[in-house]
Amino acid sequence: MACLDRYNKALEYARARHEGQYRKGGEPYITHPQAVAEILREKGYGEDYLIAGLFHDLLEDTDASEDEIEALGGTDVLTAVKLLTKQEGYVMSEYIAGIKNNPMASAVKAADRLHNLRSAVTADEAFKRKYISESINWYLDFSPEIPAAVKALADTMETKG
């Protein structure tokens, strides 16, 4: 029961921090971190991974602090979240290398990319093209499901008159 309490506290924290933020499709932003955590759960990852999934965008997109993330998730979660946070002037190859060297960050990024690919069907054509290209260039080897999700997103463009 203590584990569920910890996860629920993390979820409430992420929900509060993402309050007022919305996805491109109009749904509340928290639906994305929750979906990432659910993908991780389905793959059998433990609680720290699920919490990292909930927290993966906090440093980049909210006023959450590293101290708060560490207090709720622990040092390993904070480390993963920091690796997943794009810093100003980041170099993509270094960003990806850092993620790939951390199993938790790598699993969360795979789930994040997978969910974003699946939900990008509502995006405009230019965004889809950019997202597909970025996925092919950097993320295909993060998860066996990603190539199929890239193809499925590309197929939505071909069938649109």
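Me: Which residues of helix 2 are buried, and what makes a residue count as buried?
Reply: His32, Pro33, Ala35, Val36, Ala37, Ile39 and Leu40 are the buried ones in helix 2. The cut-off is a relative accessible area under 20%, so each of these residues falls below that value in this predicted model.

Me: How do you know what length to expect for helix 2?
Reply: Helix 2 covers residues 31–42, which makes 12 residues. At 1.5 Å a residue the expected reach is 16 Å, and the reach from its first C-alpha to its last is 16 Å, close to that. Just after helix 2 comes Gly44, with a positive phi of about 90 degrees.

Me: Why is Thr62 called buried or exposed?
Reply: Thr62 has a relative accessibility of 16%. Buried means under 20%, so Thr62 counts as buried. You'll find Thr62 in the loop between helix 4 and helix 5 (66–73).

Me: What does the side chain of Thr62 reach?
Reply: Two backbone atoms, as it happens. The side chain of Thr62 comes to 2.7 Å from the backbone oxygen of Leu58, and to 3.0 Å from the backbone nitrogen of Ala64. A polar contact needs N or O atoms within 3.5 Å, so both distances pass.

Me: What makes Glu60 and Ala152 fall between buried and exposed?
Reply: Glu60, in helix 4, has a relative accessible area of 38%. Ala152, in helix 10 (residues 145–158), comes out at 42%. Partly exposed is what sits between under 20% and over 50%, so that label fits both residues.

Me: How do you know where Ala152 sits relative to Val121?
Reply: Compare the C-alpha atoms: Ala152 and Val121 are 9.0 Å apart in space, with their positions 31 residues apart in sequence. For Glu60 and Pro144, the separation is 84 residues in sequence and 27 Å in space.

Me: Why is helix 8 described as largely enclosed?
Reply: Count its buried residues: 15 of the 17 are under the cut-off, so helix 8 is largely enclosed by the rest of the structure. Its span checks out too, because 17 residues at 1.5 Å each should give 24 Å, and the end C-alpha atoms are 24 Å apart.

Me: What makes Asn102 a cap for helix 8?
Reply: A side-chain oxygen of Asn102 lies 3.1 Å from the backbone nitrogen of Met104, at the N-terminal end of helix 8. That is within the 3.5 Å limit, so the pair qualifies as a polar contact.

Me: How many residues does helix 8 give to the lining of the largest pocket?
Reply: Five, which is the largest share of that lining. The pocket has a volume of about 580 Å³. Of its 27 lining residues, Arg23, Tyr29, Asn116, Phe127 and Tyr131 are closest to the centre. The lining divides into eight nonpolar, seven polar and 12 charged residues.

Me: Why is the chain called as compact as a globular protein of its length?
Reply: First, the make-up: 10 helices and zero strands. The radius of gyration is 16 Å, and the globule rule gives 15 Å for 161 residues; those values are close, so the description holds. Across the chain, 45% of the 161 residues are buried.

Definitions and conventions
Residues numbered from 1 in each chain as written. Predicted model: local features only at pLDDT ≥ 70, side-chain atom pairs only at ≥ 80, totals over all residues. Heavy atoms only, no water. 1 Å grid on protein atoms, 1.4 Å probe; cavity = no way out; pocket = protein on both sides within 12 Å on 5 of 7 lines; lining within 4 Å. Points joined across faces, edges and corners; volume = space filled by probe spheres on them. Helix = DSSP H or I, 4+ residues; strand = E, 2+ residues; numbered from the N terminus. Nonpolar A, V, L, I, M, F, W, Y, C, P; charged D, E, K, R; others polar. Expected span 1.5 Å × (residues − 1). Buried < 20%, exposed > 50% of the residue type's maximum accessible area, 1.4 Å probe, protein only. Polar contact = N/O pair within 3.5 Å; in protein donor to acceptor, adjacent residues only side chain to side chain. Rg over C-alpha atoms; globule rule 2.2 N^0.38 Å.
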